[in-house]
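This report describes the architecture of a single protein chain for readers at the bench. Please view the sequence and the model alongside the text.

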Amino acid sequence: MQAGSWAALRRPPHVFSAVVVVLSILAPAFSTFITATVLPSAIAEIGGLAIYAWASTAYAVGSILGSAGSSVAVARTGMRHAVVLAVAVFVAGAGVCASAPSMPVVVVGRAAQGLGGGMLIASAHSMVRELFPEDLWQRMLTTISCAWAIPALGGPVVGGVLAGLGHWRAAFWAMTPIALIAAALTWRILPRSERPPTRPPRVPFGRLALVCASVLCIGSIANVRSGAARAALLVAAAAAIALMLRLDGKARERLFPTGMLALGSRIGPGFWMVFLLGMSTTPGGVYVPLLVQVLHDVTPAAGYLYAVQSLSWTLGSILSAQVSAVRARTVIALGPLVMATGFATLFFTIAPGPVAAIAAGLMLIGIGIGTCWAHIGAAILSSARPDEGGLTAATIPSTQLFAIALGSALSGVVANAAGLGAGASVGAAAFAGTWLFGSFVAAPLAALVMGSRLRPGR
C-alpha cells in the first residue's frame, strides 16, 4: 500500500498535478533564500540600513495576508485564476524590487512578493486536498517539505554568485521563470469547469486588516527598547487576533475553519502543533549565524548552518514517509521529542561549542519537525469539515507563517533582554544564546502535549 501510493504520484494525472504543486512552492521558497543573500549588497548600493529588517517584515505581512485571503480568491475566481493572479502579483513585486532606487521601494516590492507568494503556498496546500485522493495527502505534504531542500541549497548559491558579480537586481528575477511555468501549467492542467459562485463572497477587508495589524505589531516588538512598549505591542497583537477570530466566527464567508483553536475539536490540536512547531524553527534561522561568528569565529558561511536545519527537515520527512496512518501517532509524538533534544543540545553547546555539536542540535530540530509535519497536516486535512476542506488546507501555511513572525519577534525580545542588543560581545552572545535556546524548548514540549490529543489521519 505504501509503495503503491508513491507509485501513484508518478503516474498521470497525479504526476502533473504534483509538478504544479511543487512549482507553486519553489517560487516563493527561492525568493526567501535568494533575497536574504543579496539584501546586504542592495543596502551597500541604495542605502536604507535603518529599515533593513522591514524587508523581511513586509514580506511576512504580505505572505500572511495572501495565505489568509487565498480561500476568498479561490471562491471568487476558481483555483486556476487564483494561481495566475498570485503569480502576477509575485512577479510584479519582483520587478519593483529589481528596479528599486531606494530601500523603501524594496520594502514595497517585498510586500507584493509576500502577498503573491503567500497565495501560491496556500493554493498549493488547497490543491493537495482538491486534486489528490486522501491516501495521497500525506505523500504530497511530504513532497512539499522535501521541495524546500532545493532552494535551501541553491538559493544562497544563486544569490551569492549574482551579488558577487554586482548583479543583485537580477537576483529578484531569478525565481520568475519558475513562477511563470507554475502559472502556465496550472492553467493547462487544472479543470476548466470551475465556475465562480452566483453570489461571490465579499473580500473581508476588516478581518484582513486586523491580521495585518497584528503581524505589524509583532514585527515591531524587537525594534523598540522600552519594556512597556513591547508589552503594549504584544497585547495589541493578541487583541487584534482575538477580535479577528471573533468576527470571523460570526461571518458567513470565513477566513479560518471552525474550531481552529479549540482543543476539543478534531482540528484544534493539529493547528496548535503547526503553530508551536513553526515558531520553534525561528531561533536557529535568526540568531545562529550571528552567534557562531561571534562565539566561534566562523566565517559568514555560518549562514549555511541554518541550511542544515532546513535540509534535516527534508531528511526527517523522507524517513517518516513510509510510516502508515496506523503508526502516525508514534511519529507525531516522536517529532517534538527529537526537537526538544535539539534545543537542549544547543542550550549546552552554543557558547562552549564545538561547532559540530551546534550543527547536530540544529539537525535534530530539523529532523524532528520533518518527522511529524506531514502527518500533522494529513490529520488536519482528514479532520476538516466537508464544507471547509479547502479553507482548512489553506489555513495550514497561514498558521505557520504567523508562527514564524511571532517566533522571530520573541527571539529578538529574548536575545535583547539577555544583553545582545547592547552589542555583540562574546559574553553577551554566550548569555543570549543560552537563554534563547533554553526558553524555546518549551514550544516543542507544548507541541508534544497537543500531539497526545491529535487524531491521526486515516
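The sections below treat the chain as a whole, then its cavity, and then selected residues and helices.

## Overall architecture

The model is predicted, not determined by experiment. The chain contains 19 helices and zero strands. It comprises 458 residues, of which 54% count as buried.

Contacts across long stretches of sequence are a marked feature of the chain: of those between residues at least 6 apart in sequence, 83% join residues at least 24 apart. The exposed surface amounts to about 18,300 Å², and carbon and sulfur atoms supply 70% of that area.

## The internal cavity

One cavity of 30 Å³ or more is present in the structure, and the volume of the largest cavity is about 30 Å³. Its lining is formed by His125, Leu141, Trp373, Ala374, Gly377 and Ile396.

Helix 16, spanning residues 355-383, provides the largest share of this lining, with three residues. Classified by side chain, the lining comprises four nonpolar and two polar residues, with no charged residues.

## Thr395 in helix 17

Thr395 lies in helix 17, which covers residues 389-417. Is this threonine buried or exposed? Thr395 has a relative accessible area of 2%, and because the cut-off for a buried residue is under 20%, Thr395 counts as buried.

Beyond its neighbours within four places in sequence, Thr395 is in contact with Leu255, Phe256, Pro257, Met260 and Phe271.

## Pro204 and its surroundings

Pro204 occupies the loop between helix 9 (176-189) and helix 10 (205-221). Despite this loop position, Pro204 is buried, with a relative accessible area of 7%.

When residues up to four places away in sequence are not counted, Pro204 touches Val72 and Leu255. The second of these partners, Leu255, is 51 residues from Pro204 in sequence, and the two C-alpha atoms are 8.1 Å apart. Leu255 is also among the contacts of Thr395.

## The cis peptide bond before helix 16

Which peptide bond leads into Pro354, and is it cis or trans? The bond from Gly353 to Pro354 is cis, its omega angle being near 0 degrees. Pro354 is located in the loop between helix 15 (328-349) and helix 16.

## Helix 19 and its cover

Helix 19 runs over residues 442-451, and its buried residues are Ala443, Pro444, Ala447, Met450 and Gly451. Viewed down the helix axis, these buried residues fall within an arc of 105 degrees, so they line one face of helix 19. The cover over the buried residues includes helix 12 (268-280), helix 15 and helix 18 (426-440).

Helix 15 also holds Thr341. Thr341 has a relative accessible area of 43% and is therefore partly exposed, whereas Pro444 of helix 19 is buried. Thr341 and Pro444 are 103 residues apart along the chain, and their C-alpha atoms are separated by 9.5 Å.

## Summary of the main points

The predicted model is a chain with 19 helices and zero strands. Thr395 and Pro204 are both buried, and Leu255 is in contact with Thr395 as well as with Pro204. The buried residues of helix 19 line one face of that helix, and helix 15 is one of the elements that cover them.

Technical notes: Residues are numbered from 1 along each chain as its sequence is written. This is a predicted model: local features need pLDDT of at least 70, side-chain atom pairs count only at pLDDT 80 or more; totals for chains, interfaces and linings use all residues. Side-chain values use heavy atoms; hydrogens and water are left out. On a 1 Å grid over the protein atoms alone, a cavity is a set of points where a 1.4 Å probe fits but cannot get out, and a pocket is an open set with protein on both sides within 12 Å along at least five of seven lines; lining residues have an atom within 4 Å of a point. Grid points are joined across faces, edges and corners, and a volume is the space filled by probe spheres set on the points. Helices (H or I, at least four residues) and strands (E, at least two) are DSSP runs, numbered from the N terminus. Ala, Val, Leu, Ile, Met, Phe, Trp, Tyr, Cys and Pro count as nonpolar, Asp, Glu, Lys and Arg as charged, and the others, Gly among them, as polar. Buried means under 20% relative accessible area, exposed over 50%, partly exposed in between (1.4 Å probe, protein chains only). Contact means heavy atoms within 4.5 Å. Accessible areas come from the Shrake-Rupley method with a 1.4 Å probe; for residues, only the protein chains shown count as cover. The arc is that of the directions from the helix axis to the C-beta atoms.
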